[in-house]
Protein chains: 2
Amino acid sequence: MGKVFATLSMSLDGFVAGPDSRPGNPLGDGGTRLHEWLYGVETWRARQSIAGGRTNQDDDVVQENFARTGAYIMGRRMFAEGEVGWPDPPPFRAPVFVLTHTPRDPVAKQGGTTFTFVTEGIDSALAQARKAAEEAGDKDVQISGGADTVRQFLDARLLDELHIHLVPLVLGTGVRLLDGVSPDIGLAPTRVIDSPQVTHLTYRITPSWTGAPRPRRNSPTGNAER
Amino acid sequence: MGKVFATLSMSLDGFVAGPDSRPGNPLGDGGTRLHEWLYGVETWRARQSIAGGRTNQDDDVVQENFARTGAYIMGRRMFAEGEVGWPDPPPFRAPVFVLTHTPRDPVAKQGGTTFTFVTEGIDSALAQARKAAEEAGDKDVQISGGADTVRQFLDARLLDELHIHLVPLVLGTGVRLLDGVSPDIGLAPTRVIDSPQVTHLTYRITPSWTGAPRPRRNSPTGNAER
């Protein structure tokens, strides 16, 4: 079975959007600074039908994430922003399942992107996305965002991997990805790719944190080798 | 002239101490989880006069930081905790300058650690620490902490390098390192060392953020190559 993963750009102080995030300003003030590394790479640009761009380790990461994804899940607000902003063909080129409370007929766009509106919650969206990803050749499901949607999947322990593109920025205020996520969550770093602009961190989500207590000073043979 | 650097363990959600940080509980509830990677490595243990421990990439990082440091600066509260907790010889083996409002005679410990109490503020402490580090063979000055002291040096743009040991943990509440730090600060990633327990990130501090605005969609030849 394919994996379920999310990939977000986050500032060093933990923000995935700046302050005053709202319709028309989804990334918040200054939030585009989080994505500058992305806007310049060839693969992202090609998916927006823009020529040119860098081919570097950042581009490799973007390419890999598109290639492994057989279906996407996103929140209603992200879709509402995208519907007016994405080009046609949209960048996904795969089935997209939109979490919403408002039923709506599916929308088929050019290039393989279809938007299906799911009113039955995240479990139903995930079942449908898994099926589509499997049919695409045992591919993975990407939770596109926004932060609320990723947190829902984190909280329900339905995410296998969290990819953070750690951007060397301090935003100061805005939307924090991990606010409200339980400290019991287990995260194991599995890969790091660094570039001059951003550090790509991959964490495997484990059911719960399994750290052992610190070795006591009087017990030097304690668990120092664990 | 030597560099001025700080090195802190930080959770993925930005905390360098857990909740209820106070005298007797300086790392806050759950805060020792941030330092477990450190407690197990040979170099840290040796500096606490404890035998054994891991020799791995984490140990290399600790060893490098001790080796390059010719003098330390710390806040009054960190010293107060350490004075009752550190072994003798203390782990520093170098001059330590303590920021305080209360004059006090210097304290010399075994192994080369001396504590000098500085009541004239961070500029005076830095001048004295720089002199000591230079006399130790053109070494660097390490700002030991706590978070308030590191922030003072960050805000005054007196820090050359920020080293973050990014720990795969969510703490949820506590003391955030970067709270209140200006979004204008410039951070350039210069090195990443990863291990199964922690990701060691080094940032060079630049006078101010120099990011350019995002390229517009209609201007594909814009600044995509910068």
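How many bridges join strand β3 of chain B to strand β4 of chain B, and do the two run parallel or antiparallel? Keep that in mind as you get your bearings; the tour comes to it shortly. Please note that this is a predicted model.

**Stop 1: chain A as a whole**

Select chain A and show it as a cartoon. You will find six helices and 11 strands in chain A. Along its principal axes, the C-alpha trace of chain A spans about 65 × 35 × 35 Å. A compact globule of 226 residues would have a radius of gyration near 17 Å, and the 19 Å of chain A agrees with that. Of the 226 residues, 43% count as buried. Now think about contacts in chain A with a separation of 6 or more: 60% of them come from residues 24 or more positions apart.

**Stop 2: the sheet of chain B**

Switch to chain B and colour the strands. Nine of them form an open sheet, in the order β5-β6-β4-β3-β7-β1-β8-β11-β10, with mixed pairing. At the edges stand β5 (107-108) and β10 (186-194) of chain B; each has a single partner strand, so one side of each is left without a neighbour in the sheet.

Next, select residues 69-75 and 95-99 of chain B, which are strands β3 and β4. Here is the reply to the opening question: four bridges join β3(B) to β4(B), and the two strands run parallel. To see the pairing at a single position, show B:Met74, which stands opposite B:Val98 in β4(B).

Then add the helices that pack on this sheet. Helix α3 (residues 57-68) of chain B touches β1 (4-11), β3, β7 (140-145), β10 and β11 (199-206) of chain B. The direction of α3(B) makes about 95 degrees with that of β3(B). Helix α6 (residues 147-155) of chain B also packs on the sheet, touching β1, β3, β4 and β7 of chain B. The direction of α6(B) makes about 135 degrees with that of β7(B).

**Stop 3: strand β8 of chain A**

Go back to chain A, where nine strands again make an open sheet of mixed pairing, ordered β5-β6-β4-β3-β7-β1-β8-β11-β10. Select β8, residues 161-167 of chain A. Is this strand mostly covered or mostly uncovered? It is mostly covered, with five of its seven residues buried.

Now look at each neighbour of β8(A) in turn. Strand β1 (residues 4-11) of chain A runs parallel to β8(A) and is joined to it by seven bridges. Strand β11 (residues 199-206) of chain A runs antiparallel to β8(A), with six bridges between them. A:Leu162 is a good residue to label: A:Ala6 stands opposite A:Leu162, and in β11(A) the bridge partner of A:Leu162 is A:Tyr203.

While you are here, find α3 (residues 57-68) of chain A, which lies across β1, β3, β7, β10 and β11 of chain A and runs at about 90 degrees to β3(A).

**Stop 4: the two copies together**

Show both chains. A rotation of 180 degrees, with 0.0 Å of shift along its axis, superposes chain B on chain A with an RMSD of 0.0 Å. The two copies are thus related as by a two-fold rotation axis. To locate that axis from chain B, select B:Gly14: its C-alpha is the nearest in chain B, at 3.1 Å.

The contact takes 42 residues from chain B and 41 residues from chain A. On the side of chain B that touches chain A, the elements giving two or more residues are α1 (36-39), β10 and β11 of chain B. Of these, β10(B) gives the most, with five residues. Colour that side by class and you will see 22 nonpolar, 11 polar and nine charged residues. Of the interface residues of chain B, 98% are also interface residues in chain A, so the copies meet through the same surface.

**Stop 5: B:Val181**

Finish in the loop between β9 (175-176) and β10 of chain B, the place of B:Val181. This residue is partly exposed, with 18 other C-beta atoms within 10 Å. Which residues is B:Val181 in contact with, leaving aside its neighbours within four places in sequence? They are A:Val170, B:Arg151, B:Leu154 and B:Asp155. For a last look across the chain, select B:Thr114: B:Val181 and B:Thr114 are 67 residues apart in sequence and 31 Å apart in space, C-alpha to C-alpha.

How values were computed:
Residues numbered from 1 in each chain as written. Chains lettered and ligands numbered in written order. Predicted model: local features only at pLDDT ≥ 70, side-chain atom pairs only at ≥ 80, totals over all residues. Pairing = 2+ DSSP bridges. Contact = placed C-beta atoms within 7 Å. Axes fitted to C-alpha atoms, helices over the stretch in contact; angles between N-to-C directions. Rg over C-alpha atoms; globule rule 2.2 N^0.38 Å. Buried ≥ 20, exposed ≤ 12 C-beta atoms within 10 Å, placed from the backbone. Least-squares fit on C-alpha atoms with pLDDT ≥ 70 in both. Nonpolar A, V, L, I, M, F, W, Y, C, P; charged D, E, K, R; others polar.
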